[in-house]
Amino acid sequence: MRVNRIVVKLGGTIILLFLVILLPLGFVMNQIITGFYYNQVQKEIGKLASRYADAIASNRDAMTVGMIEMMSAYSDVKLVITDVEGRVIANSGIAWIGEELRIAEAERKLLEQGRSVQIEMEDTSSDERFIAIGQPVINQNQYYGSVFVFSSVSGMDESLQKVRQLLILSSIGAFFLALGFTFIVSKKLSEPLIQMENATRRISKGDLDVRVRIPSDDEVGSLAKAVNDLAVDLQRYRDTRREFLANVSHELRTPMTHLEGYAKVLKEELYETEEEKRKYLDIIYQESVRLSHLIYDLFELSKMEEGKISLQMESTDLSDLIINVIRKIEPKASGKGLKIRMELPDDLPLVYVDGLRMEQVFFNLLDNAIRYTEQGSIWVQVIHSAACELITVIEDTGVGIPAHELPYIFERFYRVEKSRSREYGGTGLGLAIVKQLVELQGGAIQVFSEIGKGTRFEIILPVGGDARETD
Ligand code: ADP
């Protein structure tokens, strides 16, 4: 069986805490209780001893001594009265003392000086322990002997022993109770963790449908939520990857089928005229160009998504860049009878971008604008907005994009009209690349369109930007 480490660790900590706290606490409590009991007894017998000593000092006759002896015989405490020499002249029940009370010389001296003493004695025959307070009998500075009041402490020792046993028993009880409680708490703590461990192992093996129960609204709960989020993210990633692979193979299959088919026709000389042959060769050429575009775009996009493209960021004049792109693409527009008009303010601030990549962005957008516009014009405009941004607008009077399709046009392989896009030679990757490039350079892109009227793309770039070289 696997050892539950949390139970062991928590249990160990509790045991250690118990030992560290309970042992000194028990010791201190024992001292306090014992001290309290002894003090009480000492006070009581001390008071009696001094009262008896006073009584005898004022009436030093045999009758008084006898009376006191008799009184104490009926009480719990015992009395011994000695003369100056220490000989016992009255004893109310401590027979084992004999005729002389033997005490240490120092204590005898103290008594002679008028001071009280405390002694401890033991009846060797019964092992009974006594404490006694001795009080000197003094009258007019004359020492006449001492009064000793004895109290047995065996009873008290027994009671103390019982209290100690009770203390130990309740400590052991509390200890086992705490241990049981620790076991339950740690089981409760470790159970969801074990569940999460199993879930993550299953996730790592590809079972992404697995979810863990969120046990509570604390750190363990947020860990469980994070595990679930991870599974959802991986599931989404797996679905996107599957969809992407399906799209790629579909996109590759179409030109490949064309290439294969027309190459076969040419190889087996299944054409009738030279013109037909040229037509097939033309198709083969176009499809191979298309294929290489597709492969290039895919490669670019995957590099961007992995953050592997290097950008040469520098302060750039957007007007120069746009004029350059328009010069390159103008022949294509005029080939379709379209005019490109531009409005570029004179004192535009610089933007911090990768010039070549930004050209690629504008080229793609203008290329689309020309491709999806049959008549009218294309309008390029840069606006210096109050919010320290440059907004580049590329607007056409083309076919437009239906409103419900607008949110998806930046997705890979998304085409508004599949057949039309193919017919225009698009790969469905252009806008995905544009969006990635703009965002990598700290900008944003948005689109507005109305079907049949035209489409307007806006690229927003921060003025100045970050002066750091990004690669
Ligand atoms: P493609 O290479 O197929 O043009 P894009 O990613 O560049 O792929 O564009 C995605 C889709 O968005 C295109 O299929 C097209 O239908 C639509 N589109 C893009 N630009 C325009 C535009 N200026 N006017 C109308 N439709 C456009």
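**Exercise 1. Is E269 buried or exposed, and where does E269 sit?**

Solution. This is a predicted model, in which local features need pLDDT of at least 70, side-chain atom pairs count only at pLDDT 80 or more, and totals for chains, interfaces and linings use all residues. Residues are numbered from 1 along each chain as its sequence is written, and side-chain values use heavy atoms, with hydrogens and water left out.

- Step 1. E269 has a relative accessible area of 56%, so it is exposed. The classes are buried under 20% relative accessible area, exposed over 50%, and partly exposed in between (1.4 Å probe, protein chains only).
- Step 2. E269 lies in the loop between α5 (219–267) and α6 (274–305). Helices (H or I, at least four residues) and strands (E, at least two) are DSSP runs, numbered from the N terminus.
- Step 3. Phi of E269 is positive, about 50°, although E269 is not a glycine. Most residues other than glycine have a negative phi.

**Exercise 2. Place Q140 and describe its backbone.**

Solution.

- Step 1. Q140 is in the loop between β4 (128–139) and β5 (142–152).
- Step 2. Phi of Q140 is near 45°, positive in a residue other than glycine.
- Step 3. Q140 counts as exposed because its relative accessibility is 75%.

**Exercise 3. Describe the packing of α5 against α6.**

Solution.

- Step 1. The two axes come within 9 Å and cross at roughly 160°. Therefore α5 is roughly antiparallel to α6. Axes are lines fitted to C-alpha atoms, for helices over the stretch in contact, and angles run from 0 to 180 degrees between N-to-C directions. Angles under 35 degrees count as roughly parallel, over 145 as roughly antiparallel, 65 to 115 as roughly perpendicular and the rest as oblique.
- Step 2. The crossing of α5 and α6 is left-handed. That means the near helix is turned anticlockwise from the far one by less than a right angle; clockwise would be right-handed.
- Step 3. In α5 the contact residues include F244, V248 and L252; in α6 they include I284, L291 and L298. Contact means heavy atoms within 4.5 Å.
- Step 4. The residues of this contact of α5 with α6 divide into 18 nonpolar, two polar and four charged. Ala, Val, Leu, Ile, Met, Phe, Trp, Tyr, Cys and Pro count as nonpolar, Asp, Glu, Lys and Arg as charged, and the others, Gly among them, as polar.

**Exercise 4. Which residues join α6 to helix α10?**

Solution.

- Step 1. The axes of α6 and α10 (residues 430–440) come within 10 Å and cross at roughly 35°.
- Step 2. This crossing of α6 and α10 is left-handed.
- Step 3. D297, E300, L301, M304 and E305 of α6 meet A432, I433, Q436, L437 and L440 of α10.
- Step 4. The contact of α6 with α10 has six nonpolar, one polar and three charged residues.

**Exercise 5. What surrounds S186 and S449?**

Solution.

- Step 1. S186 is in helix α4 (residues 154–204). S186 counts as buried because its relative accessibility is 0%.
- Step 2. A polar side-chain atom of S186 lies 2.3 Å from the backbone oxygen of T182.
- Step 3. Beyond four places in sequence, S186 touches I6, V7 and L10.
- Step 4. S449 is in strand β11 (residues 444–450). A polar atom of its side chain lies 2.8 Å from the backbone nitrogen of I401.
- Step 5. The side chains of S449 and T455 share a polar contact of 3.0 Å. A polar contact is a pair of N or O atoms within 3.5 Å; within protein, one must be able to donate a hydrogen and the other to accept it, and residues adjacent in sequence count only if both atoms are side-chain atoms.
- Step 6. Not counting residues up to four places away in sequence, S449 touches G400, I401, L406, G454 and T455.
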